[in-house]
Amino acid sequence: MDEKTVKVSKKPRIIDMIYVGLSAALIALGAWIAIPVGDIPITLQTLMICLVSGLFGMKRGTLSVLIYIILGAVGVPVFSNFKAGLGVLAGPTGGYIVGFVFTALIVGLVSDKMKGRLWAVAIAMVVGIAVCYMFGTAWFYVYMQSKKAVTLSYILGLCVVPYIVPDVVKTAIACVLVSRLKKFVK
């Protein structure tokens with residue numbers, strides 16, 4: 001193996017690490033921008049997850065989310081309201097944080113397979129956020145059931161309805177950013 005081959009094979013790994021690290025930081029930044037709405041704040045996390053997964057694909061997007069979650073789990077205050085720790089993952093919003101992984105998988109997979117076609121990535125973002133809602137709402141329901149008896153309609157009104165319009169706006173912004181920035185991504 002000559003020296004030139006070794007340099008070429010290392011270069012994409014360095015670029016991948018830079019993209020993943022910056023993406024995890026963007027997701028954390030999105031978590032810190034929060035509008036309090038009951039137990040579940042409106043944040044820019046889903047926008048950032050859709051953006052990085054749409055731009056960088058399944059592998060780098062999902063790895064970014066996993067690193068973000070691991071950082072938060074070990075105590076780095078990357079979750080909304082500058083929270084951290086396993087207690088956040090076990091708390092009322094923990095299901096959404098787990099759902100972020102599946103959002104990244106869905107958006108990144110479609111971005112990779114459809115070669116970044118915007119219409120397909122936009123649909124994947126909607127589906128990915130819906131899957132995140134499913135995880136988050138199911139966990140919130142279980143969490144609330146342990147505190148008091150609640151109905152599914154009550155939980156949907158608390159966990160889904162107030163977030164639909166903001167998430168549609170965030171998805172539109174993510175689509176615009178992906179379409180404008182995709183040509184700059186290696």
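Q: Why is Leu-177 called partly exposed?
A: Leu-177 comes out at 30% relative accessibility, and partly exposed is the band between buried (under 20% relative accessible area) and exposed (over 50%), with a 1.4 Å probe and protein chains only. So 30% makes Leu-177 partly exposed. This is a predicted model, where local features need pLDDT of at least 70 and side-chain atom pairs count only at pLDDT 80 or more, while totals for chains, interfaces and linings use all residues. Numbering runs from 1 along each chain as its sequence is written, and side-chain values use heavy atoms, leaving out hydrogens and water.

Q: What makes Ile-164 partly exposed?
A: Its relative accessible area is 41%, so Ile-164 lands in that band too. Ile-164 sits in helix α7, as does Leu-177; helices here are DSSP runs (H or I, at least four residues), numbered from the N terminus.

Q: How do you know that Arg-60 and Asp-16 form a salt bridge?
A: Their closest N and O atoms are 3.1 Å apart. The cut-off is a side-chain nitrogen of Lys or Arg within 4 Å of a carboxyl oxygen of Asp or Glu, so the pair qualifies. Arg-60 is in helix α2 and Asp-16 in helix α1 (residues 3-32), so the bridge ties together parts 44 residues apart in sequence.

Q: Which partner in that bridge is buried, Arg-60 or Asp-16?
A: Arg-60, since 15% relative accessible area puts it in the buried class. Asp-16, at 25%, is partly exposed.

Q: What makes Lys-170 and Asp-167 a salt bridge?
A: The N to O distance is 2.8 Å, so this pair also passes the salt-bridge test. Both lie in helix α7, three residues apart, which means about one helical turn between them.

Q: Why do Lys-170 and Asp-167 count as buried?
A: Lys-170 has 9% relative accessibility and Asp-167 has 6%, so both fall in the buried class.

Q: What makes the largest cavity's lining residues nonpolar, polar or charged?
A: Ala, Val, Leu, Ile, Met, Phe, Trp, Tyr, Cys and Pro count as nonpolar, Asp, Glu, Lys and Arg as charged, and the others, Gly among them, as polar. That splits the lining into 14 nonpolar, five polar and two charged residues. A cavity is a set of points on a 1 Å grid over the protein atoms alone where a 1.4 Å probe fits but cannot get out, and lining residues have an atom within 4 Å of a point.

Conventions:
Helix = DSSP H or I, 4+ residues; strand = E, 2+ residues; numbered from the N terminus.
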